[in-house]
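Got the viewer open? Here is a walk through the fold, one selection at a time.

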Amino acid sequence: MAYLAYHDSETDLSNRRLFKKRLSLLLEESKNESHGLMLLDLDGFKHVNDSFGHNIGDQLLIEAAKRLKYAVGDRGFVARWGGDEFTVLQTNFECRADFTSLVELIKDVISEPFMIAGNTIFISASIGMAFSLEDGDTVEALIKNADAAMYRVKNQAKDMSCSQN
């Protein structure tokens with residue numbers, strides 16, 4: 001029962017509840033260490049559901065979750081936040097370059113084509129970041145700041161695509 005309470009049934013990743021619990025404990029135990037939080041959204045996911053159906057969309061979520069876990073490895077903790085949103089926590093990194101290189105790796109692995117039920121599917125990820133020593137010392141503050149950063153990234157991408165037309 002405990003496993004079911006703290007894991008997402010679709011992707012088998014930790015769920016929002018476990019993520020918040022682990023982040024809260026981490027922030028209490030290591031107030032002076034730098035931790036990075038990513039909130040990421042799969043760009044193009046709605047189009048996949050609308051074009052190929054929810055079964056393909058569900059498979060896409062499962063495959064994206066596998067790629068995230070692989071990319072993050074033992075450098076962090078991955079969870080499904082809800083819908084097509086995921087969170088990644090990287091603890092006690094040496095410098096911001098370590099964190100941003102993980103962000104770039106995640107963008108790269110998500111943008112690789114997915115082969116699902118004979119369909120080649122292309123998506124990308126918008127990723128917002130927040131840092132424990134700069135953007136807040138509570139779960140709520142870090143999530144709020146990462147969410148705001150993610151939407152800034154999404155809006156910048158929209159602005160760039162509109163200016164190219």
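Start by selecting M38 and V88: M38 stands opposite V88 in β3. You're looking at a predicted model, so keep the confidence colouring handy. Now widen the selection to the two strands, β1 (residues 36–43) and β3 (residues 85–90). They run antiparallel, and 6 bridges join them. Another pair to click on is L39, whose bridge partner in β3 is T87.

**Stay on β1**

Is this strand covered or not? Mostly covered: 8 of the 8 residues of β1 are buried. Show side chains and you'll see G36, M38, L40 and L42 pointing one way, with L37, L39, D41 and D43 pointing the other, and all of them are buried. That back-and-forth is what a regular strand does: side chains alternate between the two faces of the sheet.

β1 has another partner to find. Select residues 124–131, which is strand β6; 8 bridges join β6 to β1, again antiparallel. For a landmark, pick L37, which stands opposite A130 in β6.

**Over to β3 and the hairpin**

Go back to β3 and colour by burial. Here 6 of 6 residues are buried. On one side you have E85, T87 and L89, on the other F86, V88 and Q90, and both faces are covered.

Next, add residues 77–82, strand β2. β2 pairs with β3 in the antiparallel sense over 5 bridges. Click G82 and you'll find E85 of β3 opposite. The hairpin of β2 and β3 has 2 residues between the strands, and G83 in that hairpin takes a positive phi near 55°.

**Zoom out to the whole sheet**

In what order do the strands sit? Show β2, β3, β1 and β6 together: these 4 strands form an open sheet in the order β2-β3-β1-β6, with antiparallel pairing. β2 and β6 are at the edges with a single partner strand each, so one side of each has no neighbour in the sheet. Tilt the view to look for the twist, which averages 25° from one strand to the next.

**Bring in the helices**

Select residues 54–72, helix α4. α4 lies across β1, β2 and β3, and runs at about 150° to β2.

Now add helix α5, residues 96–111. The axes of α4 and α5 come within 10 Å and cross at roughly 145°, and the crossing is right-handed. To see what touches, show A64, R67, L68, A71 and V72 from α4 along with L102, L105, I106, V109 and I110 from α5. What kinds of residue make up this contact? The split is 9 nonpolar, no polar and 1 charged.

Then switch to the partnership of α4 with helix α3, residues 45–52. These two pack at an angle of about 145°, with axes 7 Å apart. From α3, show F45, V48, N49 and F52; from α4, show H54, I56, G57, L60 and L61. This contact divides into 6 nonpolar, 3 polar and no charged residues.

**Three single residues to click**

- D108 sits in helix α5. D108 is partly exposed, with a relative accessible area of 47%. Draw a C-alpha to C-alpha distance from D108 to A125 and you should get 9.0 Å, though the two are 17 residues apart in sequence.
- D12 is in the loop between α1 (2–6) and α2 (16–29). Phi of D12 is near 65°, a positive value in a residue other than glycine. D12 counts as partly exposed, at 44% relative accessibility.
- A117 is in the loop between β4 and β5 (119–121). A117 also has a positive phi without being glycine, near 50°. Is A117 buried or exposed? With 67% relative accessibility, A117 counts as exposed.

**Last stop: confidence**

Colour the chain by pLDDT. The mean is 93, and 96% of residues reach 70 or more. Where is confidence lowest, and where is it highest? The low end is helix α7 (residues 139–163), at a mean of 86, and the high end is strand β4 (residues 114–116), at 98.

Note on methods. Residues numbered from 1 in each chain as written. Predicted model: local features only at pLDDT ≥ 70, side-chain atom pairs only at ≥ 80, totals over all residues. Heavy atoms only, no water. Buried < 20%, exposed > 50% of the residue type's maximum accessible area, 1.4 Å probe, protein only. Pairing = 2+ DSSP bridges. pLDDT = per-residue confidence, 0-100. Axes fitted to C-alpha atoms, helices over the stretch in contact; angles between N-to-C directions. Left-handed = near helix turned anticlockwise from the far one by under 90°. Contact = heavy atoms within 4.5 Å. Nonpolar A, V, L, I, M, F, W, Y, C, P; charged D, E, K, R; others polar.
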